[in-house]
Each structure stands twice: as structure tokens, then as C-alpha cells.
Amino acid sequence: MSMLLLLLSVVLLVAGGCACVVWAARGGPPWTRAVARTTLAAGELVRAAGRSGGNRGRSGDSGD
């Protein structure tokens with residue numbers, strides 16, 4: 001049950017962050033801009049972590 005609650009909390013945070021990015025782009029209040037900056041920075045960190053860890057041990061071709 002606690003794993004489901006954790007997953008739903010993460011989904012809610014991501015959805016809220018995305019909503020703040022859209023709202024800030026349309027000229028929302030200052031707090032939405034702060035949340036949008038945080039959301040975009042977190043997205044960049046996740047993207048960078050995926051790039052650096054995903055290519056280890058691969059030679060580029062899958063043939064023998």
C-alpha cells in the first residue's frame with residue numbers, strides 16, 4: 001500500500017509541476033514561475049542522468 005501511495009505522490013508532483021510550467025508560460029503568479037524553474041531543472045537532471053548511465057558497456061553495434 002505504501003508503494004502505491006509513493007507512486008501516486010510522484011505522479012501528482014509531476015503533473016502539478018507540468019501545470020505550473022504551462023501556467024507560468026502564460027503569465028501566472030510569481031510562485032508558479034519558481035515551481036516551473038524547479039520542475040524544468042529537475043527534468044534536466046533526470047535527462048542528464050539517463051544519458052550518462054544509459055550508454056555504459058555498449059560498443060555501438062549488436063552484431064557478433
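Helices (H or I, at least four residues) and strands (E, at least two) are DSSP runs, numbered from the N terminus. The model is predicted: local features need pLDDT of at least 70, side-chain atom pairs count only at pLDDT 80 or more, and totals for chains, interfaces and linings use all residues. Residues are numbered from 1 along each chain as its sequence is written, and side-chain values use heavy atoms, with hydrogens and water left out.

**Exercise 1.** Place Met1 and state whether Met1 is buried or exposed.

Solution.
- Met1 sits in the segment before helix H1 (2-25).
- The relative accessible area of Met1 is 85%.
- Met1 is therefore exposed (over 50%; buried is under 20%, partly exposed in between; 1.4 Å probe, protein chains only).

**Exercise 2.** How many disulfides are there, and where do Cys18 and Cys20 stand?

Solution.
- A disulfide is a covalent bond between the sulfur atoms of two cysteines.
- The criterion is a pair of cysteine sulfur atoms within 2.5 Å.
- The count is zero.
- Cys18 is in no disulfide; its nearest cysteine sulfur belongs to Cys20, 9.5 Å away.
- That distance, 9.5 Å between the sulfurs of Cys20 and Cys18, is too far for a bond.
- Cys18 is partly exposed at 43% relative accessible area, whereas Cys20 is buried at 8%.

**Exercise 3.** Which residues form an aromatic pair, and with what geometry?

Solution.
- Rings of Phe, Tyr and Trp (its six-membered ring) pair if their centres lie within 6.5 Å; planes under 30 degrees apart are stacked, over 60 edge-to-face, the rest tilted.
- One aromatic pair results.
- Trp23 and Trp31 form it, 5.4 Å centre to centre with 90° between the planes, hence edge-to-face.
- Trp23 is partly exposed, with a relative accessible area of 41%.
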